Amino acid sequence: MAHYTSRGRIPEKRHTQFRSPAGKLYSEELVSTEGFSSDYSLLYHIHPPTQIISTDPPIAVNIRVPEEKMLKHRSLEGFKLNPEDDFLGSRKPVLVNRDVHISLAAPRQSMTDYFFKNADADELIFVHEGNGTITTVYGQLTFSYGDYIHIPRGTIYQIQFETIVNRLFMVEAFSPIRYPKKYVSRYGQLLEHSPYCERDMRGPLFSEAKDEAGDFLVRIKKQGVLYGIHYGHHPFDVVGWDGCCYPYIFSIHNFEPITGRIHQPPPVHITFEGNNFVVCSFVPRLFDYHPLSIPVPYNHSNIDSDEVLYYVDGDFMSRKQVTRGMITLHPAGIPHGPHPGTVEKSLGTKETKELAVMVDTFHPLSLTDTALALENPGYTTSWNE
């Protein structure tokens, strides 16, 4: 999905001898998205990235799903999730299926004594509150409110927060996250009608390799288990890399909305996609300019997808009693639409200041025990008010 980038020092030709000034061979590592058949990057380490000195007992990361099948509208108060100190401990899945896990997190502290790698999934972290730096084998990325941080699977990283209050909305995707196909040319460039372009993507800032020996703990998540792998050298000992697989940041504030004379359907808001899901961005924009247009969305039936909306900020005229961090789930099979009174109230409105992230999944989502603990009672019947 990302475009070719080169950082640091690399050899003129891949898979050839590449030596340090002292004459020692660097260790080449290929990191790829789908085996040897898709995007990849080549990293050059001072030390072999295989030198494990010890391992910890594995820890099961169980996701409890008390309600696997259901057919009613649900709402969760995301900001009622209690903050926790540890980054990994704070991550709480709320909606899950075989393609994606949607989680909330409210970490208070930085990752200081370990690194993390998700061996199963690409991660898309939306920063609702907080700012800081994520350091990876590819370099550093600074993040703040409104940033989407895309971390390809297999990336070792460490997050440093500059704030105590941090709220994150996270999507773990068990397929590569990519640009929507409709916005990409046959050669991989974002097309003119895309709501963003390559200039909007922030890649990692390369930093000097860390040539440090010691005991470095990398916690690796794989198939619902968290493994502790201790390496004898710092994992960020990369002197250079190149390729198309690396983390980057895209700010929701750089999404350019597509508008029309009448209400535009949700696909115009698509920002990312993967197998059997899409991620959309709803941003401040001018409303429809037909003289008889109705600004709020019309009622629609979710026949093929579950719709998850994460409310970030602003005024949502189609729904009453919206709070920051609120999540709504409208499952496939029954229609949903604007709350009573909001249609008439919206007539003549020229713009919206809303900010939200939507995830549509094409396989049903299940609610976890954390989701049930955050649920708003009575949401299912709220259209009768």
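Two residues are in contact when heavy atoms of one lie within 4.5 Å of heavy atoms of the other. With that term in hand, the tour can begin; the structure on display is a predicted model.

**Stop 1: Phe 169 and the cores**

Select Phe 169. Which residues does Phe 169 contact, leaving aside its neighbours within four places in sequence? They are Ile 102, Ser 103, Leu 104, Leu 124, Ile 125, Phe 126, Tyr 310, Ile 327, Val 357 and Val 359. Next, add Val 94, Leu 95, Tyr 148, Ile 327 and Val 357 to the selection. Together with Phe 169, these are the residues with the most contacts inside the largest nonpolar core, which has 40 residues. A second core, separate from this one, has 21 residues, including Phe 116, Ile 134, Phe 161 and Leu 168. In soluble globular proteins, nonpolar side chains tend to be buried together.

**Stop 2: strand E7 and its partners**

Select residues 92-96, which make up strand E7. Four of the five residues in E7 are buried, and the strand is mostly covered. Now show residues 100-105, strand E8, which runs antiparallel to E7 and is joined to it by four bridges. A hairpin of three residues connects E7 to E8. To see one bridge, select Pro 93, whose partner in E8 is Ser 103. Then show residues 366-367, strand E30, which pairs with E7 over two bridges, again in the antiparallel sense. Here Leu 95 has Leu 367 as its bridge partner in E30.

**Stop 3: aromatic rings**

The whole structure contains 17 aromatic pairs. Select Tyr 148 and Phe 272, an edge-to-face pair with centres 5.2 Å apart and 80 degrees between the planes. Tyr 148 belongs to strand E13 (residues 147-151) and Phe 272 to strand E21 (residues 270-274), so the pair ties together parts that are 124 residues apart in sequence. Both Tyr 148 and Phe 272 are buried.

Move on to Tyr 196 and Phe 250. The ring centres of Tyr 196 and Phe 250 are 5.0 Å apart and the planes lie at 55 degrees, so this pair is tilted. Tyr 196 is in the loop between strands E15 and E16, whereas Phe 250 is in strand E20 (residues 248-251), so the pair links parts 54 residues apart in sequence. Are these two residues buried or exposed? Buried means under 20% relative accessible area. Tyr 196 has 3% relative accessibility and therefore counts as buried; Phe 250, at 0%, is buried as well. To view the wider group, select Phe 126, Tyr 148, Tyr 179, Tyr 196, Phe 250, Phe 255 and Phe 272, which form one aromatic cluster.

Two charged side chains also sit over rings. The charged end of Arg 167 is over the ring of Phe 79, 4.9 Å from its centre. The charged end of Arg 219 is over the ring of Tyr 114, 4.3 Å from its centre.

**Stop 4: His 230**

Select His 230 in strand E18 (residues 225-233). His 230 is buried, with 11% relative accessibility. What does the side chain of His 230 meet in a polar contact? The partner is the side chain of Asp 56, at 3.0 Å. Beyond four places in sequence, His 230 touches several residues, among them Gln 51, Ser 54, Asp 215 and Leu 217.

**Stop 5: Thr 352**

Finish at Thr 352 in strand E28 (residues 351-352). Thr 352 is buried, at 4% relative accessible area. A polar atom of the Thr 352 side chain lies 3.2 Å from the backbone nitrogen of Glu 354. Contacts of Thr 352 beyond four places in sequence include Val 283, Phe 287 and Asp 315.

Note on methods
Residues are numbered from 1 along each chain as its sequence is written. This is a predicted model: local features need pLDDT of at least 70, side-chain atom pairs count only at pLDDT 80 or more; totals for chains, interfaces and linings use all residues. Side-chain values use heavy atoms; hydrogens and water are left out. Buried means under 20% relative accessible area, exposed over 50%, partly exposed in between (1.4 Å probe, protein chains only). A polar contact is a pair of N or O atoms within 3.5 Å; within protein, one must be able to donate a hydrogen and the other to accept it, and residues adjacent in sequence count only if both atoms are side-chain atoms. A nonpolar core is a set of buried Ala, Val, Leu, Ile, Met, Phe, Trp, Tyr and Cys residues joined through side-chain atoms within 4.5 Å. Two strands pair if DSSP finds at least two bridges between them. Rings of Phe, Tyr and Trp (its six-membered ring) pair if their centres lie within 6.5 Å; planes under 30 degrees apart count as stacked, over 60 as edge-to-face and the rest as tilted. A charge sits over a ring if NZ of Lys or CZ of Arg is within 6 Å of the ring centre and within 35 degrees of the ring normal.
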